[in-house]
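Me: Please go through the fold, the core and the surface of this protein chain with me. I will ask, and you reason briefly.

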Amino acid sequence: MFNALNAMGGAGQVERTVSNNTNAAIYCTFVVFGMLGGAIVNLLGVRWTVCVSGLTYALYSSSYIYYNHTAKGAFSLATGPILGIGAGILWSAQGMVMMSYPEEHRKGRYIAIFWVIFNLGGVIGGIVPFVMNYHMGKGSNAVPLPDASYAAFVALQVLGALCALFLAPPARVVRSDGSHVVLMSTDVRHEAVETLRLFLNPWILLLIPLSLASNFFYAYQYGPYNGVLFTLRTRGLNSMLYWAAQMAAASAVSLLHDHASMTRRARGLASLVTVAVITNITWVCTLVVQLRYTRGPDATHAQSDYPGGLIDFAEPRRAAGPILLFCLMGAADAHLQSFAYWLIATTTSDAQMLARYAGFYKGVQSLGAAIAWLLDAQGVSLLAQLIVNWALFNVAMPFTALVAWRIKSQEDAVDDEADDDWLMEPETKHF
């Protein structure tokens with residue numbers, strides 16, 4: 001639901017400054033609590049950490065109802081760090097569950113199942129503003145999302161947070177092959193040491209460029225693209241289609257990640273090449289569109305300078321290409337995220353270690369996101385933002401390829417006492 005709201009651009013607002021600054025505050029805090037999130041989840045368990053963390057998303061959404069009535073962003077800005085804390089803990093728990101519960105040969109499928117469920121919230125969140133604002137004609141100027149739409153987001157987020165209380169704790173999970181999720185006794189000192197050790201793991205450090213790039217593009221896609229080019233109701237439709245495309249792409253790439261006839265190294269390299277090609281095609285097409293405009297609606301301009309004004313889905317000749325491109329952005333994102341999680345998941349089946357790995361990944365990812373939102377908040381040109389995104393992604397690819405190349409090829413290679421030895425020399429591998 002948070003993603004659906006942000007995918008509309010400006011969290012549903014016309015003027016994006018408050019939303020951009022709030023998102024920067026979210027992700028700055030997320031950096032810290034992403035790193036600490038694995039330790040917190042290991043110490044406190046899954047159910048209550050996910051539930052309480054989930055409620056911070058509802059608090060964030062509710063702040064824009066206040067903003068609609070007062071035009072004061074202090075409440076929204078205050079919810080940013082609170083949500084950053086909650087998000088860091090929630091995503092560490094999510095990563096642990098998603099990557100440690102399945103057997104080795106089903107990790108791709110479980111990542112896809114999570115991604116489908118996760119983005120179902122985005123689809124529903126896109127339907128809400130689309131339906132509620134459908135009456136607004138294609139000639140309407142940009143307007144903020146109404147209170148009723150924000151209230152619907154809050155209600156759904158509260159419901160989702162409470163559902164977390166029904167999660168099975170890891171100790172009670174029995175896989176279909178009869179094995180159990182590995183949990184070791186832990187304490188604050190042990191978690192502190194293990195968290196610090198993440199910064200000494202060379203293979204995890206090689207994933208830092210990928211982590212930085214993997215959420216960096218959201219600020220551009222949600223704001224300067226979807227938030228600038230389209231009418232409010234079309235932004236809602238785009239959000240729905242964007243997340244639906246993610247669901248389809250995640251399902252498709254899971255077939256590659258669990259392909260039994262290929263070694264894990266071969267699957268990793270094939271997935272890497274595919275996502276690199278798709279993402280670069282996406283950025284080429286985006287550049288073609290971006291060269292046609294320089295700004296969006298703001299305090300002094302009712303509409304963007306895109307030829308013909310704001311794009312509405314009722315104008316299929318103008319809308320089809322940009323809408324399909326936004327869907328392609330979603331598909332490329334789902335492939336990238338699924339690949340990153342799958343790559344991390346191949347390291348171990350130790351639930352506690354995976355919680356730390358997931359937290360580290362999300363923490364570094366959030367650092368990139370914070371920088372990206374600040375770039376938009378500071379008025380960096382839209383073209384410059386595009387170029388930074390494109391360059392950062394391609395810089396990350398060689399480092400990620402090195403990790404994929406050196407991953408264990410054994411189908412049943414599981415190290416429940418995970419450490420830096422989860423990778424092997426290339427010469428020991430066989431396709």
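Questions and replies on the structure follow.

Reply: This is a predicted model, in which local features need pLDDT of at least 70, side-chain atom pairs count only at pLDDT 80 or more, and totals for chains, interfaces and linings use all residues. Residues are numbered from 1 along each chain as its sequence is written, and side-chain values use heavy atoms, leaving out hydrogens and water.

Me: How many helices and strands does the protein chain have?
Reply: Helices (H or I, at least four residues) and strands (E, at least two) are DSSP runs, numbered from the N terminus. The count for the protein chain is 15 helices and zero strands.

Me: Which helix gives the most to the largest nonpolar core?
Reply: A nonpolar core is a set of buried (under 20% relative accessible area, 1.4 Å probe, protein chains only) Ala, Val, Leu, Ile, Met, Phe, Trp, Tyr and Cys residues joined through side-chain atoms within 4.5 Å. The largest one has 109 residues, and Leu-229 is one of those that touch the most other members. With 14 residues, the top contributor to this core is helix α13 (residues 316-345).

Me: Is Ile-82 buried, partly exposed or exposed?
Reply: Ile-82 lies in helix α4. Exposed means over 50% relative accessible area, and partly exposed falls between that and the buried limit of under 20%. Because its relative accessibility is 39%, Ile-82 is partly exposed.
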